[in-house]
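Work through the following exercises with the sequence and the structure side by side. Each task is followed by a solution that proceeds step by step.

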Amino acid sequence: MAPGATTLTSLLLLVTIARCPSVFASPQPPSIKVLRGVRLPGGYMEVVQEEHCSYGVVRLTCRSLKAFIFVLEAEYRSNATRICGYEPRRFIEKKTSKGRAAVTLKSMELRGNYIDEPDEERLGTVDIRQSVNRRCSGQKHCRYSFITDHPRATYWDPATLRLKYACIPETAVRKYCNEELKVVPGEGGFINSPGYPLYYLGENTCGWTFRSAPGQRIVLTFHDLDIRGPEVDGSCVDVVRVRERGRTLFEYCGAAAGATVVSNSNVITLDLIASKRLYTARGFFLQYQVLGCPNVSTPNGSYVLNGTLTSRTFLCKLGTVFPDSRERIRILECKNGKWNESIISIPNCKATSAVILKTEHEHHQLSTLSGDNVLDTGVRIVRGEDAVAANTTVVMDSAQSSMIKQTDYVVDIVLPTVLMALLFVGNAIIVYIIFQYRKRKVPPIEQGEEMALQNSPEVPEV
């Protein structure tokens, strides 16, 4: 090669480096952090989150040899490129500078599990849990290469892989069929099909029954599901089915990650129906939890204003309050399957002071109208939740005050009105009787004159 050509090539290389310094920047080391440790009946479960460049090889490892991996989240973030050594702004400019056709082609490649959200941070995020499950779920350690293990990832730009997974002790996972499992609030549990993750068994039904307290619902989350896929006509030979009171909530065959089933009651059943004695697919691994809190009875004098799985709002009837808070509204919050306060300690609604005073005022008015001042007998209604006799130790509540008011109303208003009506009717009857008697005893004047003329001797006959 001529010296002039060599010099020209070197100059072009230097210009390229000067224009695109970020492309040749060294990638950052992967970010790995342990989020938390969860205590389970069989030991501690460790939750880990890692971030890697999609062009590298990811190694997931459990520190305990008696634990295995299951994936909680796995995402490819096309806009998060700094960990690969790219500046995000320059990377976006590079993609958009290719023109409309290139951008349209990339969108078609990502269609299917592409999450198109308005949030800029989430834009360009792809769920890759199925490919991570295929390599790592159920294993004690694994190597995952995004470019070779995820379909069509060879053509994708380098970006961040965010993985969130857990190492769960083998003793904390149930492995046997035909069991009834009690779902406890705040705990839940994990099960996997027999043989997971190497194979699953068939030729008979493998089932589980989940039961929680009345008023609670059950959530099943399939972190990993991989059974025989559908046939050419779309029918399923092997199937995972979730039923509730004879109704099918979920039925699936093939591979899935993160599928969630929520019941409408506190009892559901899960069945794995397979045709072959042994099939070389992973089976499934799932987590079961409680959703909502137990039923709570409505306090006397109130009704449910709003009720959801996470809260319950009680409202006292007009003129009554809860005596401990002196408010009409009571809100219960459901957290981890338990209410934020004891159900037994919720008091019944009672009348407020304003209602007592109104009762006292109306009672006083009725007593004044009837001329019988009941309040002068020594009973005095005072301000407070209850009515107290002034010269006695007897305590009257709002119900007793209402009874007194009703009794006085009958004596002062109803009874005199009835007596007056009876007197009016009686007088009318007496007047009618007298009139009839006088009409029968006193003859008409014309008849009297005629009789006198007939019997008179002085009148000569004609």
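**Exercise 1.** How far apart are the sulfur atoms of C136 and C142, which form a disulfide?

Before the solution, note that this is a predicted model, in which local features need pLDDT of at least 70 and side-chain atom pairs count only at pLDDT 80 or more, while totals for chains, interfaces and linings use all residues. Residues are numbered from 1 along each chain as its sequence is written, and side-chain values use heavy atoms, with hydrogens and water left out.

*Solution.* A disulfide is taken as a pair of cysteine sulfur atoms within 2.5 Å, and the sulfur atoms of C136 and C142 lie 2.0 Å apart. Because the torsion about their S-S bond is about 85°, the disulfide of C136 and C142 is right-handed. Both cysteines are buried, where buried means under 20% relative accessible area, exposed over 50%, and partly exposed in between (1.4 Å probe, protein chains only).

**Exercise 2.** Describe the disulfide of C62 and C167, starting from its geometry and ending with its surroundings in the chain.

*Solution.* The sulfur atoms of C62 and C167 are 2.1 Å apart, and a torsion of -95° about the S-S bond makes this link left-handed. The pair links distant parts of the chain, since C62 sits in the loop between β3 (57–61) and β4, C167 belongs to strand β8 (residues 160–169), and 105 residues separate them. Strands (E, at least two residues) and helices (H or I, at least four) are DSSP runs, numbered from the N terminus. C62 is buried because its relative accessibility is 6%, and C167 is buried because its value is 5%.

**Exercise 3.** Establish where N266 lies and what its side chain reaches.

*Solution.* N266 is placed in the loop between β18 (259–262) and β19 (267–273), and with 17% relative accessibility it counts as buried. Its side chain comes to 2.8 Å from the backbone oxygen of S212. With contact meaning heavy atoms within 4.5 Å, and leaving aside residues up to four places away in sequence, N266 touches F210, R211, S212, A213, P214, Q216 and I218.

**Exercise 4.** Which residues of the largest nonpolar core touch the most other members?

*Solution.* A nonpolar core is a set of buried Ala, Val, Leu, Ile, Met, Phe, Trp, Tyr and Cys residues joined through side-chain atoms within 4.5 Å. In the largest, which has 28 residues, I191, F210, L220, F222, V240, L270 and F284 touch the most other members. Apart from this core lies another of 23 residues, including V48, Y76, A153 and A159.

Definitions and conventions:
Polar contact = N/O pair within 3.5 Å; in protein donor to acceptor, adjacent residues only side chain to side chain.
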